Amino acid sequence: AFEMDSFLEAKLERFSLLLLEPGEIYFEDYSAIYYPAGLADVKRRQKGRLKLCSKSLIFDPQEQASPILKLIFRDVRCIQKTTEKLLQRVEAKGGVMSVSSSQVIEMKESNVIGPYVFKRIDEDYLFSLTYANLQEIMPHIQQIHKATTLNFVDQMAMISSIVRANKPWFLSMPAG
């Protein structure tokens, strides 16, 4: 029974579109690994899903006891490939993305629906992608981050062009 419970836990996803801001667009989902701050070694890493949205990055860890982390782009100072040698083993697999943010929102810790926890703390959040190539994904994430720094009209125009450019092929087929 224990093996089945751990299997089901890995399959259950706590993410919901209801966690997004009004008007926020969900773009992509990546299998990822999060490396918590103060990491002494790679063993404390958390596997999960990294959701790319028009106003935020959301990390949904597989481990139900850990909270979902939401990094709102307006609080993010910088998104870049990290140069830290602490994670050398991971670097060989495609690199680690560093998201420098002044705030993180924690949600659904232990899978309990409750008030969000807003933590105002300057911190770097480190992620690596399991299957996707970080070099290909980074420009897309940085473009969406840049869009959130623009005034509202320019931001909406840029997000609209991103949505049009990423429209799935089956939506562009003529009706009939």
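This report describes the fold, helix packing and selected residues of a predicted protein model.

Residues are numbered from 1 along each chain as its sequence is written. Because the model is predicted, local features need pLDDT of at least 70 and side-chain atom pairs count only at pLDDT 80 or more, while totals for chains, interfaces and linings use all residues; side-chain values use heavy atoms, with hydrogens and water left out.

## Overall architecture

The protein contains 4 helices and 7 strands. Helices (H or I, at least four residues) and strands (E, at least two) are DSSP runs, numbered from the N terminus. Read from the N terminus, the order of elements is α-β-β-β-β-β-α-β-β-α-α.

Of the 176 residues, 43% are buried. Here buried means under 20% relative accessible area, exposed means over 50%, and partly exposed lies in between (1.4 Å probe, protein chains only). Among contacts between residues at least 6 apart in sequence, 59% join residues at least 24 apart; contact means heavy atoms within 4.5 Å.

The structure holds 0 disulfides, a disulfide being a pair of cysteine sulfur atoms within 2.5 Å. C53 is buried, because its relative accessibility is 0%. C78, by contrast, has a relative accessible area of 26% and is therefore partly exposed.

## Helix α3 and its packing against α4

Helix α3 covers residues 134-147, which is 14 residues. At 1.5 Å a residue the helix should span 20 Å, and its end C-alpha atoms are 20 Å apart, so the two values agree. The expected span is 1.5 Å times one less than the number of residues.

At the start of α3, a side-chain oxygen of N133 comes to within 2.9 Å of the backbone nitrogen of Q135. The pair belongs under polar contacts, defined as N or O atoms within 3.5 Å; within protein, one must be able to donate a hydrogen and the other to accept it, and residues adjacent in sequence count only if both atoms are side-chain atoms.

The buried residues of α3 are L134, I137, M138, H140, I141, I144, H145 and A147. The axes of α3 and helix α4 (residues 152-165) come within 9 Å and cross at roughly 155°. Axes are lines fitted to C-alpha atoms, for helices over the stretch in contact, and angles run from 0 to 180 degrees between N-to-C directions. The two helices are therefore roughly antiparallel to each other, a term for angles over 145 degrees, whereas angles under 35 count as roughly parallel, 65 to 115 as roughly perpendicular and the rest as oblique. On the α3 side, the contact is made by H140, Q143, I144 and A147, and on the α4 side by Q155, M158, I159 and I162.

## Buried residues with partners distant in sequence

The table lists three residues, each with a residue separated from it in sequence.

| Residue | Partner | Separation in sequence | C-alpha to C-alpha distance |
|---|---|---|---|
| I141 | L57 | 84 residues | 8.9 Å |
| G48 | L129 | 81 residues | 9.8 Å |
| L19 | I68 | 49 residues | 9.9 Å |

I141 lies in helix α3 and is buried, because its relative accessible area is 1%. Leaving out residues up to four places away in sequence, I141 touches L52, L57, F73, I79 and M97.

G48 is placed in strand β2 (residues 46-53). This glycine is buried, at 6% relative accessibility. With neighbours within four places in sequence set aside, G48 is in contact with Y30, S31, A32, F59, D60, P61 and Q62.

L19 sits in the loop between α1 (2-11) and β1 (26-35). Although in a loop, L19 is buried, with a relative accessible area of 9%. Residues up to four places away in sequence not being counted, L19 touches R14, I68, K70, M107, K108 and Y116.

## Positive phi between β6 and β7

K108, one of the residues touched by L19, belongs to the loop between β6 (97-107) and β7 (117-129). Most residues other than glycine have a negative phi. K108 is not a glycine, yet has a positive phi of about 55°. At 18% relative accessibility, K108 counts as buried.

N111 is placed in the loop between β6 and β7 as well. Its phi is near 60°, a positive value in a residue other than glycine. N111 is partly exposed, because its relative accessible area is 36%.
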